[in-house]
Amino acid sequence: KKFDRVDRQHGSLTRWFWTRVFETDNVFLGPERRAYLEHKFHTLYSYTAFGSVPYVPLLRAPFYVWIGALESDGEAIEMPTCTVPQTPRKFMRSFIYSMSWEDPREDFKVFPIGAADRVLSLTSGGCNILEMAAKGAEVVAVDLNAAQNALLQLKIAAIQSLDFENFWKLFGDGRHENFAALFESQLRRRLTPAAAEFWYGKRHYFKKS
């Protein structure tokens with residue numbers, strides 16, 4: 001079959017398998033993000049297909065490419081150069097990416113970012129944001145999922161207040177036996193009220209990796 005129509009849906013087995021696979025890496029798939037985009041924007045282009053998976057021969061993962069634009073009151077819709085949609089009022093149930101999968105060193109070959117630059121970037125796992133900030137750039141991080149921003153805030157708070165051992169337990173091992181106490185004593189005061197509330201309800205995340 002050809003998977004090139006916006007209304008194409010994957011079978012139940014495919015949905016179950018890939019949802020379970022990504023959940024093992026704390027990436028929670030769901031239809032709400034696509035539904036939100038199609039609710040807020042007019043669809044310009046949509047394409048769904050299967051792509052190869054690095055280091056796993058024969059296995060192919062489903063993916064889609066979607067491009068949208070704001071409605072323009074009857075005028076011709078053009079490809080936007082930059083669209084900043086309104087942030088959802090509430091957090092999604094969790095963040096999707098615990099780390100960024102892209103290698104910023106490859107980006108820097110094309111965009112040599114430095115102290116004189118101001119960068120607007122998707123937050124994602126926050127890793128690339130921190131890489132750019134370490135080079136002296138002023139970075140504005142935005143994300144449709146506010147939980148991603150809460151994750152970045154926690155990483156920044158940990159960098160500012162924790163020693164290497166405790167930091168590695170949180171973001172290297174992914175678990176910390178005393179996270180609740182650490183959160184209250186050192187991290188919480190460095191977070192915005194919204195991020196502090198989010199992590200207060202997610203303290204169990206670090207009980208196991």
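**Contacts, cores and confidence**

Visitor: Leaving aside neighbours within four places in sequence, which residues is Leu191 in contact with?
Guide: This is a predicted model, where local features need pLDDT (the predictor's confidence in each residue, from 0 to 100) of at least 70, side-chain atom pairs count only at pLDDT 80 or more, and totals for chains, interfaces and linings use all residues. Residues are numbered from 1 along each chain as its sequence is written, and side-chain values use heavy atoms, leaving out hydrogens and water. With contact meaning heavy atoms within 4.5 Å, the partners of Leu191 are Gln153, Leu154, Ala157, Phe183, Ala196 and Trp199.

Visitor: Which element gives the largest share of the largest nonpolar core?
Guide: A nonpolar core is a set of buried (under 20% relative accessible area) Ala, Val, Leu, Ile, Met, Phe, Trp, Tyr and Cys residues joined through side-chain atoms within 4.5 Å. The largest one has 19 residues, and Leu170, Leu187, Leu191 and Trp199 have the most contacts inside it. Two or more residues each come from helices H5 (146–161), H7 (179–187) and H8 (193–200), numbered from the N terminus as DSSP runs of H or I, at least four residues. The largest share, six residues, is from H5.

Visitor: What is the relative accessible area of Tyr45?
Guide: Tyr45 lies in strand S1, a strand being a DSSP run of E, at least two residues. Beyond four places in sequence, Tyr45 is in contact with Val65, Trp66 and Ile67. Tyr45 counts as partly exposed because its area falls between 20% and 50%, at 42%.

Visitor: Which element has the highest mean pLDDT?
Guide: The chain's mean is 79, while residues 74–91 stay under 50. Among the elements, strand S1 (residues 42–53) has the lowest mean, 78, and the highest, 93, belongs to helix H6.

Key:
Buried means under 20% relative accessible area, exposed over 50%, partly exposed in between (1.4 Å probe, protein chains only).
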